[in-house]
Amino acid sequence: MARVRGWVRVLALLGVLAIVLYPLIWVLGSSLKSPTEVSSNLSIWPQELTWSNYADGWSYIPGVSFGRFFGNSILISLATVVANAASCLVTAYAFARLRFWGRKGYFALMIATLLLPGHVLIVPQYVMFSEFGWIDTPLPLILPKLLATEAFFIFLMVQFMRGIPRELDDAAKIDGCDPYRTFWHVILPLSRPALITTAIFSFIWTWNDFFTQLVYLPSVPSYTVPVALRLFIDSSGQTSIGPMLAMSVLSLLPVFLFFLGFQRFLVQGINTSGLKG
Amino acid sequence: MRGRRKNYASRRSEGLAGYVFLSPWLIGLMTITAFPMLLSLYLSFTNYDVLSSWEFVEWVGFDNYKKIFTADPTFWQSVRVTLTFGLIAIPLKLAASLGVALLLNRERRGVGLFRGMFYLPSLLGGSVALALVWVAMFNGEGAFNAGLSLFGIEGNNWINDPDWALATLMVLTIWQFGAPMVIFLAGLKQVPTELYEAAQVDGASKRRQFFHITLPMLSPVIFFNLLLETINGFQGFTSAFVISNGTGGPLGSTKLYTLHIYDKAFTDFQMGYASALAWIFLAAIGLITIVFFSTGKFWVHYSDGEN
């Protein structure tokens with residue numbers, strides 16, 4: 001009886017898995033299908049491989065190739081990774097290890113900003129950044145990250161640092177380390193796992209981000225991949241579906257590779273802080 | 001005496017170091033968060049549009065708010081759509097994530113692999129690419145209808161049907177159940193097995209064990225997931241925007257509140273009006289959070305007596 005139950009459980013899981021993975025495998029297969037086949041052929045594998053979808057998609061937008069959009073996305077994502085990791089790490093150190101006036105109040109404020117919807121801030125921030133003349137540059141997307149505006153990562157790192165034995169700090173103190181040297185020689189090297197998790201999530205979120213990039217990057221040459229992908233919808237004639245799916249696959253690829261390489265860190269990351277993908 | 005003075009000095013230098021390390025965040029809090037919020041509050045009482053210069057900004061009192069509640073049918077439409085979306089998609093997503101987590105919890109072999117693959121959509125699902133995949137799958141000639149036709153059912157153009165467009169969005173949201181599922185799995189691992197053993201000795205059925213052990217022990221995690229998914233769910237933008245090509249259509253059926261804010265701010269450039277919309281949004285989210293926390297004590301069970 002227990003055996004039968006076990007098999008039912010496995011079958012149920014496999015069924016759910018098939019439904020969950022179908023869209024992903026379907027898009028991969030369909031990106032290689034000819035225009036007529038995309039809609040008529042339900043099967044995942046194309047009858048004949050149509051690589052031209054990728055070439056057509058790459059130069060679909062007149063004058064600017066997807067190479068440019070990928071370049072823009074990579075630049076913004078990598079800069080965000082560095083900025084987030086550095087600024088959130090120092091902030092987390094202050095919250096997790098140092099005693100100073102008002103710490104509890106600041107910590108509560110930081111948690112409150114976790115719940116603050118980005119859509120509330122976007123209008124005044126846009127007004128502010130347009131006064132600076134920063135619209136259509138990557139600056140509004142990168143510079144704020146230097147100021148530890150991603151509270152999620154601060155929280156994640158605080159949680160992580162609380163797990164580092166305090167004896168290490170005390171030992172460093174006895175050896176004559178001030179808070180700065182303790183940070184540099186003790187906390188920073190030990191925080192590597194939290195830094196990696198932050199880096200991966202920063203990259204994936206920025207890579208997938210659409211809303212702020214749509215708002216701040218209005219001209220085609222400064223588009224990132226998500227903003228450019230959207231242009232495929234304007235003329236949703238069947239002929240452009242193949243190239244659209246081909247570019248979608250390319251845009252999903254980096255996230256998928258991160259997933260393959262760092263699955264452990266991703267799952268740990270959500271477990272320590274409840275981060276969302 | 002000397003020791004105490006030294007201690008005092010190190011305390012002070014630690015306090016100073018605290019502010020040094022905190023300074024990027026503090027500056028960010030003031031310039032990127034607090035100041036824009038105050039600016040937005042001010043703008044919500046003006047007719048500011050980003051196109052004309054500041055000299056033409058006029059204080060209009062509560063006009064924006066009055067107009068939103070009395071003369072903006074799109075506002076009410078977007079509230080309706082957002083609430084419908086939230087009240088249906090979020091419970092279903094949590095139910096799916098809890099269900100699969102329960103299925104996975106017993107299985108020892110391959111849990112990591114399953115968990116990873118179920119989590120994958122949460123990483124990819126919010127992207128523009130996946131919204132495009134949804135368009136390709138759920139339009140009139142898409143794969144979904146090809147699948148239905150195998151059973152002799154003729155599907156319609158789901159994405160362009162005002163009765164169904166929001167449903168396809170909900171399916172896309174529920175599809176991303178992996179993130180709360182991972183959190184549920186971690187929570188399930190925390191439930192002491194002795195409780196189940198004791199229940200078994202007492203002859204409690206699996207059903208009773210689920211309702212009297214699993215659910216209460218899991219209630220803090222359910223609370224956490226519910227709060228997180230609600231706040232995230234109400235902020236959904238990308239999928240609805242891309243699938244409806246920025247319109248929130250057909251016939252406003254996918255006009256989430258965030259799309260209305262975007263329209264007013266960045267299509268009509270009515271920044272003052274959009275700020276007022278944003279503050280109403282913030283108040284609503286705040287209210288929901290307060291309601292969650294104040295009702296939480298009636299159904300969230302903390303085993304170690306904290307709180």
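Leaving aside its neighbours within four places in sequence, B:Trp134 is in contact with B:Thr168, B:Leu172 and B:Ile243, where contact means that the C-beta atoms of two residues, placed from the backbone, lie within 7 Å. The model is a predicted one, in which local features need pLDDT of at least 70 and side-chain atom pairs count only at pLDDT 80 or more, while totals for chains, interfaces and linings use all residues. Residues are numbered from 1 along each chain as its sequence is written, and chains are lettered from A and ligands numbered from 1 in the order in which they are written.

B:Trp134 also belongs to the largest nonpolar core, which has 144 residues. Such a core is a set of buried Ala, Val, Leu, Ile, Met, Phe, Trp, Tyr and Cys residues joined through C-beta atoms within 7 Å. A residue counts as buried if 20 or more other C-beta atoms lie within 10 Å of its own, as exposed if 12 or fewer do, and as partly exposed in between, with C-beta atoms placed from the backbone. The members touching the most others are A:Ile154, A:Met157, B:Leu132, B:Trp134, B:Met181 and B:Leu277. Helix H4 (residues 66-97) of chain A gives the most to this core, twelve residues. Helices (H or I, at least four residues) and strands (E, at least two) are DSSP runs, numbered from the N terminus. Chain B contributes at least three residues from each of domain 1 (2-43) and domain 2 (63-299), with bounds that come from an automatic or database domain assignment. The C-alpha centres of these two domains of chain B lie 37 Å apart.

Turning to chain A, its secondary structure comes to 15 helices and zero strands. Buried residues make up 43% of its 277 residues, and its C-alpha trace spans about 75 × 70 × 30 Å along the principal axes.

One helix of chain A, H6 (residues 118-131), invites a closer look. Its 14 residues should span 20 Å at 1.5 Å a residue (1.5 Å times one less than the number of residues), and this agrees with its end C-alpha atoms, which are 20 Å apart. H6(A) nevertheless has a kink of about 30°, centred on A:Pro124; the bend at a residue is the angle between axes fitted to the seven residues ending there and the seven starting there. A:Pro124 is among the buried residues of H6(A), which also include A:His119, A:Tyr126 and A:Phe129. Just after H6(A), A:Gly133 takes a positive phi of about 75°.
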